[in-house]
Amino acid sequence: MVTRLYTHPIFLEHLTPSGHPERPDRLRAIERVLDDEAFAALDRVKAPEGDEATILYAHPEDFVARVRAAIPETGIVSIDADTSASPKSWQAAVTAIGAANAAVDDVFEGRAANAFVAARPPGHHAEKTTAMGFCLFNTAAIAARYAQKKHQAERVAVVDWDVHHGNGTQDIFWDDPSVLYCSTHQMPLYPGTGAKNETGAGNIVNAPLAPRTGSEVFRDAFLSRVLPALDDFAPDLIIISAGFDAHHRDPLAEINLTEEDFDWATGQLMERAGRHSGNRLVSLLEGGYDLQGLAFSVAAHVGRLMKG
């Protein structure tokens, strides 16, 4: 089966202030690198707009209403110091959710071996009742709940290798042993969560990385903490919160990974998906703010997904 790529022009219309690292050019850089003939076999699909009711799988109704009310008719508004919204931000966020849920359908219903969703805004910092860290809604958490509700997945694993800890995903699943959350991230760094002793109901596995470490430490964290947890949990689906800001070129952190590390980590998770999950794996774009580092890392990641 094919690797499916979900994109949509609406993702370019979520606007942020000039100089903001989470900008539409991120997706343009990804689009350019994936236009190479090496990716000709990608099954490219226009993302469907999501069912707004599925947002409630991870967020309460009053919070969703507050986000909707914050969307401006013109210009750009600040949700918090880091997080912005523009007139098309609601539609972009809901379409990102629609793409993630459609990718879940694809891998459960046999239309794709795996999928990569190139969407923005990102999601993993959005807590149950707080939009923050460039994120409005937690797309990965909604997709995990969608897999449970639509496809009766008993156990879903979310593996987050963004350089910033996914505090939102941890918050949403803190006391839910049906979802495993594993994260490698720089510490100390925004948002300040992600210590090893933050374990939830035994379903939270944090592997913090010290600044200025690199491939060896990252791979050891995978081999010693993330992969054993996945083997013990035996998920029915693996969702990757695929941030590429641990790349050595990225301006927001100090973890010195290369695109080869993302290729390796992708392969490790594909092997676990084959072992436990019927190969079901969905990858969702999170961070990555140096355009070259992001493009090269996504190319390595998607290229590895396509190898099957």
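The following questions and answers introduce a predicted model.

In this predicted model, local features need pLDDT of at least 70 and side-chain atom pairs count only at pLDDT 80 or more, while totals for chains, interfaces and linings use all residues. Residues are numbered from 1 along each chain as its sequence is written, and side-chain values use heavy atoms, with hydrogens and water left out.

Reader: Which helix gives the largest share of the largest nonpolar core?
Author: A nonpolar core is a set of buried Ala, Val, Leu, Ile, Met, Phe, Trp, Tyr and Cys residues joined through side-chain atoms within 4.5 Å. The largest one has 97 residues, and Phe222 is among those that touch the most other members. Its largest share, 12 residues, comes from residues 89-109, helix H3.

Reader: How do H1 and H8 lie to each other, roughly parallel or oblique?
Author: The axes (lines fitted to C-alpha atoms over the stretch in contact) form angles running from 0 to 180 degrees between N-to-C directions. Those of helix H1 (residues 25-34) and helix H8 (residues 291-307) come within 9 Å and cross at roughly 45 degrees. Angles under 35 degrees count as roughly parallel, over 145 as roughly antiparallel, 65 to 115 as roughly perpendicular and the rest as oblique. Therefore H1 is, relative to H8, oblique.

Reader: Is Asp82 buried or partly exposed?
Author: Asp82 is found in the loop between strand E3 (77-78) and strand E4 (84-85). Buried means under 20% relative accessible area, exposed over 50%, and partly exposed in between (1.4 Å probe, protein chains only). Because its relative accessibility is 31%, Asp82 counts as partly exposed.

Conventions:
Helices (H or I, at least four residues) and strands (E, at least two) are DSSP runs, numbered from the N terminus.
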